[in-house]
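Hi,

Here is the structure I promised to pass on to you. Have a look at it first, and then read my notes below.

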Amino acid sequence: MDALVSFLTRRARGGVTRRDTQVSGDPMRFGRGTDCEVFLPDPRVANAHAEITLRAGGPHIEALGDAELRVNGNRTRASSLKPGDVVGLGPYDITLVQPEGAVALAITVELARPLGDVLASLEARSRLNLNSTFLSRRGFSWAGFVAIAVLFLVLPIIAFYATPNTAGIEASRDQASIGGLFHAANASWSAGEISGPHKFFGATCTACHQSAFVRVEDKTCTSCHAGIQHHADPVNFKVAELDSQRCVGCHQEHMGNTPATIKSEAYCADCHADLKATTPNTTLANAGPFGKSHPQFRPTIPVDEAGRLERVSLSDTPAPVYQSNLKFPHDKHLRKEGIRVPGGPMKKLECASCHKPDQGGVGMLPVAFDGECAECHQTRFDPASPEASVPHGSVTRVLDSLKGFYAAKGLAGGVPDPDAPAAARRVPGTPLPGVEVEARQTIIAWAAKKAEKASHIVFSKQGCAACHSVKEQEKPAVDAAGNLLVANTTGGNWQIMKVNAVQSFMPKAVFNHASHTNMSCVSCHAAETSASNTDLLMPKVESCTTCHGPEKASDKVPSTCVSCHGFHQPGLPPMRPEAAAAHAAAQATLRLDPAQQAQPAATVQ
């Protein structure tokens, strides 16, 4: 219910002041407690003294607990009220008046019986603070101040200077020599638990805090991480922000076992969201939060037969052409009815039949002929010897294998070929006829011709050319024995174009396949409908943004820049070249000085 409460105060020279306030509550409580709707601060009032409720017959008041209540001078525990009634609550007189307007209840509150001399007499007989005893509040305050200053300021400073100021990890071995009190005092300044990679020296503050009251410097970090790479080529990207950026700007310690690297996307987007404004000549695209302003993926692929790599955009028109020099239509290998295996039943292939995850599951192992292809793509070449096959390898290796096969058959004898020399057609097990050396040369020359003839089968569309890009060159000149007169480095008169296989289409990003095992391969890679080996089966950024969103996404997987990208780029010079040079010089000195070789490398800074 809503009530109008008017507090009345009588002046010494006559007259009454009035302070109106509107309160709401059902029931409406009176008391010295601050949670009461009508607050009566006099100590003679109970914390919860009485309450008024609205009933069918009008307002009704009831005492709470053991509190004393008077209505029109009569003691009572509960009573109904009407306008004009006076309720005594301790020293207060509460009078009901006729309510006006929208309020359901109107009352006046007056302190009718002040404490006066009674309070002074009560205070004289009581001890209400430390000053009224033999104790001094100021003395205890100073004692506490001195104790805190000694324990948490003086002792930590002494402990810092008493700790051997050995930079790096070795300082942790000297920590045990410090008294336990100093160690505890020094630890009291710890801002939090050390991250996992630094726990092995985390008990030694001086390993990082090498100067008192000085923040951790970059040279302290690079004393161990001397070779940490730069973020961008300092020659082409002369960005002052990178040179002035401190290590702790991105790596925060004392955060417990959480990674020390800050993952906030703002650390990257501050520069990359408008990168072309600071570096107009850059070929990189502006990149903002993922799912909002991230550019289209730009994989690195071979764009010609020689394997020249370029970054292309998946939004390019026409679509980028992946020059792998392989002929592999995915749709034919993923037929629902399966594919025919030579000498066996139909076999249904899946993506996992050829693409197998690496040990960590992040990437995929290279597809190997012997492991994934040999069962169906056999390398046989001679119908008369169906068990014979050539190795999968270079042209020279294949030709040598062919020559070796026919030479071995000719030297063994029993060759049924009427074009073979008599020495090759002799009865198996009998000696070579005539001069043995001349007979061997005749057989080897015949074997070279047979190998050259068989190579047309091996390198045809029935063999290597079924999957590889194969070119036939001019036939090299040979002598009567079949020996090359001019060296041919490509191997015979055939050339198999190098396979331009790409293991990582996004070399500056990381994609973890193990985190997506709950999805099918074809949900991201359109392999079932790819009829050409030049198709680039990389999903576009829109495929990822269906599940992944920016850092504070509530309906998608929050993904920051460092979820896929690293800051320090391999192949670039050190982030702090002066520290790297000092570290290299120290290591060189250590290797040259035999007296220092027994010292741990970590002591060299």
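Let's start with a term you'll need for the sheets: two strands count as paired if DSSP finds at least two bridges between them. The helices and strands themselves are DSSP runs, numbered from the N terminus, with H or I over at least four residues for a helix and E over at least two for a strand. With that in hand, look at Ala50, which stands opposite Ala63 in β6.

Before going further, some housekeeping. This is a predicted model, in which local features need pLDDT of at least 70 and side-chain atom pairs count only at pLDDT 80 or more, while totals for chains, interfaces and linings use all residues. Residues are numbered from 1 along each chain as its sequence is written, and side-chain values use heavy atoms, with hydrogens and water left out.

**The overall picture**

The protein has 16 helices and 20 strands. Of its 605 residues, 31% are buried; buried means under 20% relative accessible area, exposed means over 50%, and partly exposed is in between (1.4 Å probe, protein chains only). About 36700 Å² of the protein is exposed, and carbon and sulfur atoms supply 57% of that. Areas like this come from the Shrake-Rupley method with a 1.4 Å probe, and for residues only the protein chains shown count as cover. A contact means heavy atoms within 4.5 Å. Among contacts with a separation of 6 or more, 48% are between residues 24 or more positions apart.

**Strands**

Back to β6 (residues 58–63). Strand β5 (residues 50–55) pairs with β6 in the antiparallel sense over six bridges, and a hairpin of two residues joins β5 to β6. Strand β9 (residues 78–80) also pairs with β6, antiparallel, over three bridges; there, Ile61 has Ser79 as its bridge partner. How many of the six residues of β6 are buried? Five are, and the strand is mostly covered.

There is also an open sheet of seven strands, in the order β2-β1-β12-β11-β10-β7-β8, with mixed pairing. β2 and β8 stand at the edges with a single partner strand each, so one side of each has no neighbour in the sheet. Strand β1 (residues 2–10) runs antiparallel to β2, and nine bridges join them. Asp2, for instance, stands opposite Ser24 in β2.

**A helix and a patch**

Try clicking on α14 (residues 436–458). This helix has 23 residues and reaches 31 Å from its first C-alpha to its last, close to the 33 Å expected at 1.5 Å a residue (the expected span is 1.5 Å times one less than the number of residues). Its buried residues include Ala439, Ile443, Trp446 and Val458. What covers the buried residues of α14? The cover includes α12 (395–412), α13 (422–425) and β18 (494–496).

On the surface, there is a nonpolar patch of about 1200 Å², with Trp142, Phe145, Leu151 and Phe213 among its residues. Patches are built from residues with over 30% relative accessible area and no salt bridge, joining like charges within 9 Å and nonpolar side chains (Val, Leu, Ile, Met, Phe, Trp, Tyr) within 5 Å. Leu151 sits in helix α2 (residues 137–162) and is partly exposed, at 40% relative accessibility.

**Salt bridges**

A salt bridge here is a side-chain nitrogen of Lys or Arg within 4 Å of a carboxyl oxygen of Asp or Glu. The whole structure has 18 of them. Asp42 and Arg44 form one at 3.0 Å, N to O; Asp42 is buried at 8%, whereas Arg44 is partly exposed at 37%. Glu375 and Lys347 form another, at 2.8 Å, N to O. This pair links distant parts of the chain, 28 residues apart: Glu375 is in the loop between α11 (369–373) and α12, and Lys347 is in strand β16 (residues 346–347). Arg29, Asp35 and Glu37 are linked in a network of salt bridges.

**Backbone oddities**

Two cis peptide bonds are worth finding. One joins Asp26 and Pro27, with omega about 5 degrees, and Pro27 is in the loop between β2 (16–24) and β3 (28–31). The other joins Thr317 and Pro318, with omega about -5 degrees. Finally, Asn72 is a residue other than glycine with a positive phi, near 55 degrees. It lies in the loop between β7 (70–71) and β8 (74–75).

Cheers
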